Amino acid sequence: MEHAILDFWSSNQIFEKSLASRVGAPMWTFYEGPPTANGMPGTHHIEARVFKDVFPRYQTMKGKYVSRKAGWDCHGLPVEIAVEKELGFSGKADIEKFGVAEFNDKCRTSVTRHVDAFTKMTERMGFWVDFDQAYWTMAPEYVESVWWSLKEVWKKGLLVQDHRVAPYCPRCGTGLSDHELAQGYETVTDPSVFVRFPITSGELQALNASLLVWTTTPWTLVSNTAIAAHPDVDYVAVRTTVDDVSEVLVVAEPLLSSVGGDHEILKRFKGSDLGRVTYQRPLNYIEIPDAHFVIMAEYVTTEDGTGLVHQAPAFGADDLASCRAYGLPVVNPVAPDGTFLADTPVVGGLFFKDADKPLVKELKASGALYKSTQYEHSYPHCWRCHTALIYYAQPSWYIRTTSIKDALLRENEKTHWYPETIKNGRYGDWLNNNIDWALSRNRYWGTPLPIWRCENKHEICIASLAELGELSGQELSNLDPHRPFVDDITFACSECALTMNRVPEVIDCWYDSGSMPFAQWGYPHKEGSVEKFKAAYPADFICEAIDQTRGWFYTLMTIGTLVFDQSSYENVLCLGHILDKDGRKMSKHLGNVLEPMALMDQHGADAVRWYMLAAGSPWSSRRVGHDAISDVVRKTLLTYWNTISFHALYAQASDFSLDQSPAITERSIMDKWILSELNSLILEVDKAYSEFDTQSAGKVLAAFIDDLSNWYVRRSRRRFWDGDVAALATLHECLATLTQLLAPMVPFIAERTWQDLVRVADPSVALSVHLTDFPVADQSLINLELNKQVAMTRRVVELGRAARAESAVKIRQPLQRALISASGWSSLPVEMKEQISDELNVLDLADIADADGDLVDVSIKANFKSLGAKYGKAVQDVAKIIASADAISLVKQLRTSGKATVGSFEIELEDLVITEVPKSGWMVASHDGESLALDLALSPELIAAGQVREIIRAIQERRKSDGFDISDRIEVRWNASESLVHTWVASAEHISAEVLARAMIRDTTITFSEDELEFGFELKKYAD
Ligand SMILES: [Zn+2]
Ligand SMILES: [Zn+2]
């Protein structure tokens, strides 16, 4: 079915028409967060794409022009690593050997490898997006646009090179930005060591004291340069004795417990007294001149460790700052590939993380190790290749985002986050702790950083190939703006005439995707791009998974604010993660991955869409499994579909046409009720969609479908059999409007219905449901009182069914009476009470309050909560009086007059906790303060009536199984046991009417077919 709809859409260009019909209308802007297409699409891609589709469809129906430009994220580490893997490379040396041009060529091909799979999945799921106009972040015009924005940032002095310690992936050979860092924490166990550093100067040397230092990165001890103490913290020299061996150690007094053993404080002094005290380092492997003394640093805390912090300035930002203040050198024995330089003793050639073990061994052997344990903590890893990151001093290009922090907070304040908690929680925290954006990457496949420099460090940032061509005096409009081609372009410095070369770095690919609001148009270089950009900035709506708070959501807002002083989006929907049916992450390793295409082929795209949109909160993690999908589909979509088939069947049987529709004032109360519900539904769904709340939309739509099918149609069946035009018209109107309301969420089934039901009945309507205007409620048809009454009727019926099921008395067995306790019961119209009687097959209904004491046991207790509020301490006295009161008469009095006096206290109904238990022979069901009691006593008349219904049911079922048409008239030949014959004969007329029998003939040769009830029959159809 869905494939036929896809064909219909494409051959009739429905998507294009939906756009064309809104040209010139107010714009509603959606930005597509570009996926990287060098891997296969997963189920989480469907999730995001469903949400990206539903709101643009809705806004289009609301009269907006919603352009939907697809995009592809092309650059960056993910692509490079995939290609490295494919070529069997283990690092940058292999790439250089292979050739940068060739390598980038492979990257370019890799990006496009799975575009087809993405396109197919996207089309299959009915996500309307324009692939023909897609933006590619590797396209020259896109790169030039990114260059232009970098120049804007550079001109403001916010793009600078700095020598900082930053997280760095030794395998990928490049630094990472803070938002990338946030995506790769993993729990690891590291050694936790306490090491002695013997003091070699001053009074403490005379005590043979050692500084005690704690570290979880023993490999950094090789480059120990200093030890930091806090100037204002109290430190102590203690004599400590462990296993009869005593020694003197220096630690911060609040952390004395870290020493362990017995100890005696010999000396107490401020951290500042330790200034410039020299010590002997434990691993004397590399030359570090003029170093190894205690320095002062304010960042030292007494939260853990010893209050004495080992300093390795090449591997810690704080270390670097503190050591710089003392003019200490930065000595780095670790190569960019993460291994110790070959000539380093003991650990030369070892990967930094692997050096911990041999170094701890050395520390132990030399007696420097005081104690060691294991320490489990979360440590940053490369989000792409999972290598442990190293904090590493290197020159890098930064965008000084910290200097626009106030503007970012201001823009965030204006943004509507769904869910709202993200704004000041996860995302707000992120902005508040903002650090500068480490923009450059020492890699190959990325947007080249467009900065040229001469040896005198004069620099210029280039905004376009045209500008570059002008400076270099070459025609460059067709130059591939990637490495290595762009690296070859040089020109003379305007200040010193020396040659200017491009700096070697490329940029963070997250900058590319964050630039899409303008770069997708080639702004400002390309013709027409300025108008296009201005008309579509900022976006009304973006939507991605919640982890993008530190990815795309951040870069998009930051670049917008940097370049245009305005965030690039107003509403952002954050989606929860997709888990398997047991709540585990989907992974190839666990074998629990659901392939998107297979999932849609099995259940249908609409089923998957409906599940994603309606079954649960969009921002919670959600479990996806086959059973869960089938379940929601059966409950709602199948019911909707069956109701359509039902209408088609009876509309056809009675040659119904829309011009027969009677005026609404002439319709029955049931018709008025469902139309009232329908118009309320329009308002509710409209509101939910406008607030990006598909879960609420799904909930009210499902409730309406249930009302329509399981109450309106169910209660109106006889009218449909009779070809009642008011019923047919009402159901048609409900289904047509419902279909429009469902269209954004389940576009396939809605289209099918539109074609088969709505367009068949009225060929003048729009060619597709997706070309219609969103329904507008007729508020004059909304009757909230009526809605309430029917809702109550349905609840009472549910209670009755529950009581029936519990009692095991079949629904076909009539019962004499039921007692109901529900507020508002007495004012329920007679017609609705009759419906309840009929549904429950109970002859009389009465208010439980009217039942006398011989039917119901009533017991009462004081409601301490409400009484306590009224009478304070006297509540105990009131409770005592209530406990001894006559429950039945007190409850009756309260129910009739609303008030009663007990002792000297006045009470109301709410002051009592009432328990009404019908006496034996009754079955009670209760829910939410409403209850129903069924009288199970059976008289001979009731039994006979039950038998008649069994007979009718059996004949009706046979009619169906024999394939008779619903209007066929029949002859019934029957036989029954002695006890049944009388009942049958007495009710023959009634039975005949129900089963459309013209003749009812007893035939004793017929054998009983239904053992239980002891009767049998044969049916014959009349030829006319
Ligand atoms: Zn890496
Ligand atoms: Zn120069």
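R794 and D706 form a salt bridge, with their closest N and O atoms 2.9 Å apart; the term covers a side-chain nitrogen of Lys or Arg within 4 Å of a carboxyl oxygen of Asp or Glu. This pair ties together distant parts of the chain, since R794 sits in helix α28 (residues 784–807) and D706 in helix α25 (residues 694–721), 88 residues apart. Helices here are DSSP runs of H or I with at least four residues, strands are runs of E with at least two, and both are numbered from the N terminus.

A word on the ground rules: this is a predicted model, where local features need pLDDT of at least 70, side-chain atom pairs count only at pLDDT 80 or more, and totals for chains, interfaces and linings use all residues. Residues are numbered from 1 along each chain as its sequence is written, chains are lettered from A and ligands numbered from 1 in the order in which they are written, and side-chain values use heavy atoms, with hydrogens and water left out.

## Salt bridges

By the rule above, there are 64 salt bridges in total. Three of them are set out here.

| Pair | Closest N to O | Where |
|---|---|---|
| R794 and D706 | 2.9 Å | α28 and α25 |
| R812 and E950 | 2.9 Å | loop between α28 and β27, and α33 |
| E957 and R953 | 3.1 Å | both in α33 |

How exposed are the partners? Buried means under 20% relative accessible area, exposed means over 50%, and partly exposed is in between, with a 1.4 Å probe and protein chains only. R794 is buried at 14%, while D706 is partly exposed at 31%. In the R812 and E950 pair, R812 is partly exposed at 22% and E950 is buried at 8%. That pair also links distant parts of the chain, 138 residues apart, with E950 in helix α33 (residues 940–961). E957 is partly exposed, at 46% relative accessibility. E957 and R953 lie four residues apart in α33, about one turn of the helix. An α-helix has 3.6 residues a turn, so residues three or four places apart point the same way.

There's also a salt-bridge network, made up of R714, R715, E798, R801, D838 and E839.

## Cores and a one-sided helix

A nonpolar core is a set of buried Ala, Val, Leu, Ile, Met, Phe, Trp, Tyr and Cys residues joined through side-chain atoms within 4.5 Å. The largest one has 135 residues, and L701, Y712 and L738 have the most contacts inside it. Apart from it lies another core of 63 residues, including V193, I227, I295 and L320. Leaving out residues up to four places away in sequence, Y712 touches, among others, M670, W673, I674, F720 and L731; contact means heavy atoms within 4.5 Å.

Helix α21 (residues 596–603) has P596, L599, M600 and H603 buried. They share one side of α21, because they cover an arc of only 95 degrees around the axis, taken from the directions from the helix axis to the C-beta atoms. Covering them are, among others, α3 (43–61), α7 (115–124), α22 (605–614) and α23 (626–653). After α21 comes G604, with a positive phi near 95 degrees.

## Sheets and a hairpin

Two strands pair if DSSP finds at least two bridges between them. Six strands build an open sheet with mixed pairing, in the order β10-β8-β9-β6-β5-β13. Its edges are β10 (262–270) and β13 (369–380), each with a single partner strand, so one side of each has no neighbour in the sheet. Within this sheet, β5 (residues 185–198) and β6 (residues 209–215) run antiparallel and are joined by six bridges, with F194 partnered by W214 in β6. Helix α12 (residues 356–365) packs on the sheet, touching β5 and β13, and its direction makes about 20 degrees with that of β5; axes are lines fitted to C-alpha atoms, for helices over the stretch in contact, and angles run from 0 to 180 degrees between N-to-C directions.

Another open sheet has four strands, ordered β4-β3-β14-β16 and paired antiparallel.

Further along, β30 (residues 899–902) and β31 run antiparallel, joined by four bridges. They make a hairpin with two residues between them, and G903 in the turn has a positive phi of about 55 degrees. A900 has I907 as its bridge partner in β31. Along β31 (residues 905–908), F905 and I907 point to one face and are buried, while E906 and E908 point to the other and are not.
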